[in-house]
Structures are given as C-alpha cells and as structure tokens.
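Biologist: Could you take me closely through one part of this model, the salt bridges and how open or hidden their partners are? I am new to this structure, so please go step by step.

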Amino acid sequence: MRFSKHKQVTVFGAAICFVVVFSLYLMLDHLQLDHSKNNPSSGGQLSVLQDKIDHLERLLSENNEIIANIRDSVINLRESVKDSKRVLEAGNMSQGSLEMLPSPPLVVPIDSEDCQFSARPYTKSAGGVQMSDVYDLLAFDNPDGGVWKQGFDIAYNENEWDQEPLQVFVVPHSHNDPGWLKTFDDYFHDQTQHILNNMVVKLHEDNRRKMIWSEVSYFAKWWDNIDDQKRDAVKSLINTGQLEIATGGWVMPDEANTHYFALIDQLLEGHQWLERNLGVKPKTGWAVDPFGHSPTQTYLLKQSGLSNMLIQRVHYSIKKHFSSQKTLEFFWRQNWGDTDILCHMMPFYSYDVPHTCGPDPKICCQFDFKRLPGGRISCPWRVPPQAITDNNIQERAHLLLDQYRKKSKLFQSKVLLVPLGDDFRYTEALEWDQQFQNYQRLFDYMNSHPELHVKAQFGTISDYFEALRSSIASSTSGSLALPVVNGDFFTYADRDDHYWSGYFTSRPFYKRVDRVLESHLRAAEILYSLALAEMRRFGKSNNFPAVESYKLLTAARRNLGLFQHHDAIAGTGKDWVVVDYGTRSLVIFNPVEQARTSVVTVYVNRHKVQVLNSHGHPVTAQVSAVWEETNRASTELSFVAQVPALALAVYQLSESQELHAAAAQYVFQQQGKHLSVNGAHQFRVSTHQDPTTPFSIENAHIQLWSSPYTGLLERLKLKEDGLEQQIKVEFAWYGTTSNKDKSGAYLFLPDGEARPYTPSQAPVVRVTKGPVFSEVTTTFTHITHTLRLYNVQGVEGQSVEISNSVDIRGEFNHEIAMRITSDLNSKDRFFTDHNGFQIQPRKTMRKLPLQANFYPMSSMVYLQDSGSRLTLLTGQALGAASLKSGQLEVIMDRRLNQDDNRGLGQGVLDNKITANCFRLLLEKRTPAGKADENDPNSFPSLLSHTTFTYLNHPFIPMATSVDFSAIPLSPYSPLHSSLPCDIDLVNLRTIQSKDEGGGPSAEAALILHRKGFDCRFSNRNTGLLCTTTRGKIFLDKLFSELMVKSLTQVSLTLMHGSAAGQSPRDVSLKPMEVSTYRLELS
C-alpha cells in the first residue's frame, strides 16, 4: 500500500540503459566507417561498462544476483558486436556536427504571439471552484462529526427517491501494490496470481458479477504464465463487461514526486500492453492510494483518451467541505486551459470496505463479509458481519440501504458509487463466495421491493460513470450541473495534524537515482529509434541487434514504471566515466533537443592531458583534484563540449608531455586551525586567507560572495544589469514531536521550527578557481556543500550549481534542511511545480501547522517580488516550503527511528550518503501589475526551463579505446537544426511490433510538449541556438538525412486516432500541449 525501495529495480534498469546506449553508438558508427574488419573498440568499450556495473555492485551489494545477470547480457552483447562487420559507406550520416556550433544570438528571437499565452488574464469559470480559494475559506479545524468523525451528521427524507430511484453500483476491486511490505515477485506469488486465477473462475460463475483491475504490471506477469484457455476466458469477461481495466498504467503512480516523462512512460507501457494482448482501451482512471493528487495526472489521462477518473486521498477538511457543498463530483480543469475530465472524489477516510458504503464505519464493516466470525480479520468496532439469510435479510438490507442513502446525500445525482475491496483482496476463493453471494442476496431483496426505490447491482467504475453521465444529460433545466474545479489536492492529511509531507523527501538517494534513470532511458529510447531508422535507410538491419536491444529497452521501461509506484519513488552522486590513457576517444551524447555548450567531467589517472575535438583542435580544459577534506584522492578532467541537438560528438583525450589542460588553483581555510594539504604537488595551493574577507568567485554572468568562516553563500550579483541580492544559504535541523504520533516515512510531525545547524568545529573551506569552473566547497560533519560557477557563455553560466552530499546515518530522529534566505519581498507566496510540467502558486498559511506548508517539488520552487525572481531548480524530488517572506526551505534527508503508524511497520533508517543537486537562478523581472498577485497561473522563464533540462539531462560521456588514426569515429548529428526553444522532445520511443517475438515495428511514438513560459525575463546571453515558432515544427526541415515517411497524430498513449489525421508536413502544438505522433522515418 504505502512504501518500498525497489533497489533492485533501479540498479537493473540503469544498467540496462547503459548497455543499450553503448551498443547503439557502436551500431551507428558502423555505418560511417570504411573498414571491413571486426570492431576493435568493442572489447574496451564494454569493459568500461562492466567496470560501471562492478561499481554499482559494490554500492548496492544486495543486488548481486541481478547484477550478475546484467553482466551476462553485457558479455553476450560484446560478443555480438565483435562478430559484426563494419559497413562501407561513403561520407557522413548527417551534417551539422563537423563544424563548431555557430555563435548564438545575443538575444533569443521570440515570436510576440508566443508571449500572449502566459500574459493573458485568468478567468474563473462561472460557478467554478478554485482550490486556493477553498484553502483561504476553510478553518482546517477538526470537530467531532459523530459516526463520521471527520464529517457531519447526514439526514434524509424517506420519499426523496420516489420520483427517481437510487442507483447503486457496488464495484469490487483489489488494490495490489507492486512492492510495499513485500517485493513485487513475492506479492505476485503469494497473493496476486491467486486473486487473478480466482477472478476468472468466480466471475464466470455468475454473469452479474463484476470486477475492476488497475495494475497492468501484475496482470502482464500473470498473463505470461497462463494458458490459452484461461486467456480466452479473460477476453470473454472483458467483452461482456464483467472485467474492466481501470487507468491501465503499468502501476498506480505517485503524483507528488514523479516527473511527467515517467508518468507518461508507465502509462504508455501499460496501454500498449493492453492493446496488444487484450484489445482494451481504458476509459476511467482509478487512483485510490496516491498520497495527494496532481492536475498533471488528470491532463495526461485526458490526453490518453480517458473521460473519467476517481481520487481518494484528499485532505479530510477538503472532503468535508466538498461533501457539504455536494461538489464531490466535478469537472477537473487545468488552470491554464479547458481540458476537463469528470472526477469523483471519495468522501470518507479510506478506500476499504468500512469507509465506502456510507458515513458509519461501524455499520459498513458489518458488510465486509471477509470479516465474518472465524476469519483472520475482524471489525475493530467489535460488531461482526452476519451471513445473509432469510431470517435477517430484511433487517440487514434496510441497515445497508440506510448507509447508501446517507452517502448519496453528499452528491447531486441519484447515482451512487460503492467500492468493495481493499489491499490484496479476493486472494482466496472463499472470499469471492462470501462477498458476492451475500451481496447478491441483499441486491435481490432490495430490487424486489419497489417501495424501497433502489436498484442495486455489481458494476465496474465505467458502469457507474456512464450512469452518472446519463443522469446529468437527462436532468431537467440544468438542475444537475457539476462544478468546474481548478487546482490540486496537496498536501494530504488523513487526520488531525498528520500531514503526509514527509514522503516528499523520504529516501532521497532513490529519488535521485530515479531521475538519472529517467534521463538514461530517454537517451536510450531516442538513440535506439534513430539507429533503427538509419540501419533501415542503409539496408543494414541485419547488422543491428534490434530485437535484443528492444527487449532490454522494454525491461528498462517496465522497471522504471515500477519505480513510479506510489510506494517506491515516494522513498547519487555524479555517474563518473573513468578514462585511463594511452589515447581514448570520448563519445558524448547530447540528449536534449537543442544544440548545447556544456561542461563534461571525467576521472583521469594523470594530470598532463590534452583534449581535442573531432577536427583535432584543442578545447578549453581544466584538471582538478578530487579531495577528501585536505587530502587529494584522485584527479578529474573538465572541458567545454559543444554538441548539436540529439547528436553524438567525438573528443580525443590523450597523454601529453606538457600541461595542456590548465591546473586548478586552490585556497584552503579553517578558522582557528593550521591546515596541511597532502598529495597536491601538481596544483597551486594556498592555506592563507584573510579571515574577515568573504570568498568570491565569478564568471561572465555572475559574481557571488560567501562567508569566510562557513563558505556559505551570502550575496549574488548579476553582471548584465548590476542586480545584487542578499542571498544566504544555511542549514537547519528538524526534530520530531514528543507526542505519541511521530514523524515517519510518510508523516512530517516536527517538534517546532527548525534549529540552526551549528557544527561542533569550524568547517574546512576550499576555494577552487580555473578556466572551466570555480567553486567554494565546505566540509561540515554531516554535509559537504559546494557552490559552483561554470565559465560558459550561455545557460550553464547563468546559474549557481549547488550540490550537497548529506550523511545523517548517525543521527536520531533528525531531518536536515537547506534554507535560502533572500531580501526578496515575496510575502506569503511562493511557487512549486507539478511533476516538472506546470507551476502551482502556493500560499504559506499561519492557520495551518508548519508541516502543512511543505509541498512536493519535482523540478523547481521559486519566489518573486515586483523586480526579481529567485528559482531553485532540483535534480531530484524533495519537499519544499517558504515559511517566511524571501525564504526557501528544502528538506534534504530524513532519519526517523519509528514507524508513523501508516502500515509500513518501520522507521527510515536505511539512509545512504546522498548527493542533492540544484541550480540557483536569479532573474530580473518586469512586473505585471496587481492582478499578478492572485493569478493561479505562473510560468517559468525560458532560461529556467532550459536550466532544468540541462541539470536533469546532462551530456552522457562514453569512453572508448579506439585508435583515432586507424578507426576515425565520426560525429553523428540526426537533426538539421535545434527544435524550437519552447518545444520539449519528451520521447522518441520505438513502438513494439504486433508480430511474435517482441521486436520493434517500423514506427516510433514521437511525444512533444510545448512549454508555457513567461516572457517578462531577459533572454540575453543564454547561448541558445533556437527560436520560438508559435508551436510549429516543419518536419521536412527537421532531420539531416532521414526523411519523414509518415506522421499521424494519435492520443498520448497511442490508443486512439485523432481528428487531425495524417499530416506529413508539419506539427502544430498549443501552449502546454503534450501530443503524440506515430512517426515512420526512412
């Protein structure tokens, strides 16, 4: 139900992605070389990968068996590469990468029409509900509501249903977490397979029985293990409407910490599996267990062709308010556009049987027939269920109908939804009989007594929504008009002051690994699709292990999908490439859709080295020491690389007798101590510094000053316009309350405001200066904190990189936060993102407890006043707040020694040394006027969008041992030019063939997102080689050599066609739109 780590999933998926990325470059390069001999680089290439896998094995030793399996795959892949022959092809595959990137314009050209979207005033729909207004309205008190503790007493008149009978749909369901207290496989073997096996038998026994299922990951595993006869029986149940697949994603995803790439990917994987194997197209979303709900997920469901959705975990005060207003059913609309989806909010505490039939759980529990006396579970209210007999059916039916009627008073229509299930229900055949037979007796009695004015039946979730829509359509004179709701449903509280804001940060190590895995999977998907198209273009498909690589990709997709489950992600440092000389080629992949200048860093084993581009020209490089406090542990090489969009560039790294790469210079300081620096004879090192003068580093765009005592940031200046702000970084501790209920994996229950982090001794401060980057690093007891400026003309030079290596493994009930305090007059407003897709304005409310003012941050959080915006962009999902004007706070790690009584049964004690990565961006802002203060829409700047992309999709370096003179690796640039600045290539994902064998088809899913951005910020000196084009992409001019053979717009997950049909010439996107196209290249 609630939490798991999925360590093996993460490692397995990451290693698979590296296998695919490495092999794809080797395949692409085959086309460009005129040597008909075995590939001499593949052995060294794959040995590097094996070293990487060995490192992962040491890092997560409990995954030995999985890693061994991956290693076997790598060895097999290496042998297949050795056996393949190089292909004779004249010339290069593409153009654009043979020259240095052209000089970028001083100002990015932005079409004036592209600025109108973010500047338009917000118009609230008539009778609409804006969630920010609801938060202002509510007192968030918690009076005792009687039998419905968090609600109120409900009364009704007996004759209310005389004209229109009550329609009751009882929807059997079983919520199967793909890993929580057990692993995915253990749950499957112990419970899930038995649920599904019994489902086939028990539904066929009576065609009035219904069931819904959500998690395709389990269903697919079960499907692979059943025979054709059982498969046919399943298809029959689907065709008759007895079985419905709801949502149809690979998992039921978390909606707080996930990035929209991963949300789409797991949804697409599930929908494609359903279409291939069952011919099913889900119509309704079912989300009973995510801990809060995001409007991003509703938009993605709508774009996938779903019409309805259900949510459950919403703050109890909001549920009470919506219940009192009869607005539990509504059209959920995005703040920025009319993309409605019909949504049902469950009104009570939980999705289990005691909290779904009506307001009184003591009564509803009596109709959970798994709890009949003699069973393994009972009712906590100590009144057990009774089997339905002729002697008690009248009393039992009236008792249950009373709950149905009371629940129906919370809704506008006479159509009632009653879920019947819980976690891993219907495992045993006995429970199927207990539930279905007793309920059918109750239904038969109710339906045979017309004076009760009720029709009760089993149904699927879509049966219910169809009846609801029919009721809406037939209502006279608009008497049944459901409201429009804008906003989100965070932060979730299930009772008292128990806010589920802890899980926004819990286990940050895995949140960081998830983000890295997403980037690598996306890179592998894109390279695979391009490589496959190039092989077909040259008629060399047999030289490419298409099926084998596609199976690796499929496994990686599914493992990433499992990690998006609400009990997984709700729970690293740099991924270094090691270069050991003679002469090595470094192949660098730019995974983003714009040409780019960025810094690449690799470990090296000596400091005298030179870096050449593919033309043999030297590039700016810097050799730096890798330190463990004041001892040099190793050496790293950093250089500035230029790579076109989605391209592979080749750089040569070689030994030199002279120092071609500049050596970094260092200043060390520790107040009150004399330092001795060891192992740095190749570098200029000083240990003298005026203890009263702040440290300062700068590049062409920024200058910053940090404390001479702590090394922490104090001031920041933008050189372009002289804007200077007081911006201070500090750290703070939270403890947990002394009350009975304490912080745990889910809950954040602090013991008051955070206390300043005060180290027991003065920290070691190290200042690094060089031609590629300069930085200030502070080593505290629990944190190694670095501020870095890149000496790059462009995006990476316009923000401060912040990295924190956090180690709280020795702490007891502590949470550590980074606090950024500025002189911006932001008042009580700040802004967080939803899933890296859209921005939600927030308001810090004093009437709420401190923990209620923390919100999920997937990509960014920012403050602003009339003249400036300060944005913190993140490389991992964390919890964030602004508890005071001008202040941002991010929880970086949590170590908690007890369970928080939400089912996990343990604290958070498996902490790892965790690297949190951020970019801090200060921008001058042109104010928009008074209305701007209350606008529910806000958008990042174009620079902010791009900075986030660079942070989360860095260059991917891959070292080879190719002899440049004998085997001249060539760059590969598939695009003629960059995509427009506001277009995000979400994915280019090869679609699986319908043929047996699980290989690729000739088509790929091209998924694009047009980002909304705010034009009231400077676009000078961004270094971007792109423009905006009012959302238009001319595909005939997009690719260098490949041609668009066909292009068809479809729904997001490929299930449905589009009215737009086939449009082979261009693509046109509205602001914020995410669209998918079936693309075939030739």
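Modeller: A residue is called buried when its relative accessible area is under 20%, exposed when that area is over 50%, and partly exposed in between. The model is a predicted one, and with that in mind we can turn to its charged pairs. In general, side chains of opposite charge can pair when their charged atoms come close.

The structure holds 55 salt bridges, and one of them is formed by the side chains of Lys124 and Asp133, with a distance of 3.3 Å from N to O. Asp133 has a relative accessibility of 36%, so Asp133 counts as partly exposed. Lys124, with a relative accessible area of 41%, is partly exposed as well.

Another salt bridge joins Lys283 to Glu466, and here the closest N and O atoms are 3.1 Å apart. Because Lys283 lies in the loop between α9 and β5 (284-287) while Glu466 belongs to helix α15 (residues 461-474), this pair ties together parts that are 183 residues apart in sequence. Lys283 counts as partly exposed at 42% relative accessibility, and Glu466 counts as partly exposed at 45%.

The next pair is that of Arg313 and Asp289, which form a salt bridge whose closest N and O atoms are 2.8 Å apart. This pair links distant parts of the chain, with Arg313 in the loop between β6 (308-311) and α11 (316-324), Asp289 in the loop between β5 and α10 (295-303), and their positions 24 residues apart in sequence. Arg313 has a relative accessible area of 6% and is therefore buried, while Asp289, at 0%, is buried too.

Salt bridges can also share partners, and in this way Asp265, Glu269, Glu525, Arg557, Arg558 and Arg989 are joined into one network.

Some of the helices and strands around these residues also border an enclosed space. The second largest cavity has a volume of about 350 Å³ and is lined by 29 residues, of which Tyr260, Gly836, Phe837, His945 and Lys1011 lie nearest its centre. At least two residues of this lining come from each of α9 (260-277), β35 (838-843), α18 (942-952) and β43 (983-992). By character, the lining of the second largest cavity divides into 12 nonpolar, 13 polar and four charged residues.

How values were computed
Residues are numbered from 1 along each chain as its sequence is written. This is a predicted model: local features need pLDDT of at least 70, side-chain atom pairs count only at pLDDT 80 or more; totals for chains, interfaces and linings use all residues. Side-chain values use heavy atoms; hydrogens and water are left out. On a 1 Å grid over the protein atoms alone, a cavity is a set of points where a 1.4 Å probe fits but cannot get out, and a pocket is an open set with protein on both sides within 12 Å along at least five of seven lines; lining residues have an atom within 4 Å of a point. Grid points are joined across faces, edges and corners, and a volume is the space filled by probe spheres set on the points. Helices (H or I, at least four residues) and strands (E, at least two) are DSSP runs, numbered from the N terminus. Ala, Val, Leu, Ile, Met, Phe, Trp, Tyr, Cys and Pro count as nonpolar, Asp, Glu, Lys and Arg as charged, and the others, Gly among them, as polar. A salt bridge is a side-chain nitrogen of Lys or Arg within 4 Å of a carboxyl oxygen of Asp or Glu. Buried means under 20% relative accessible area, exposed over 50%, partly exposed in between (1.4 Å probe, protein chains only).
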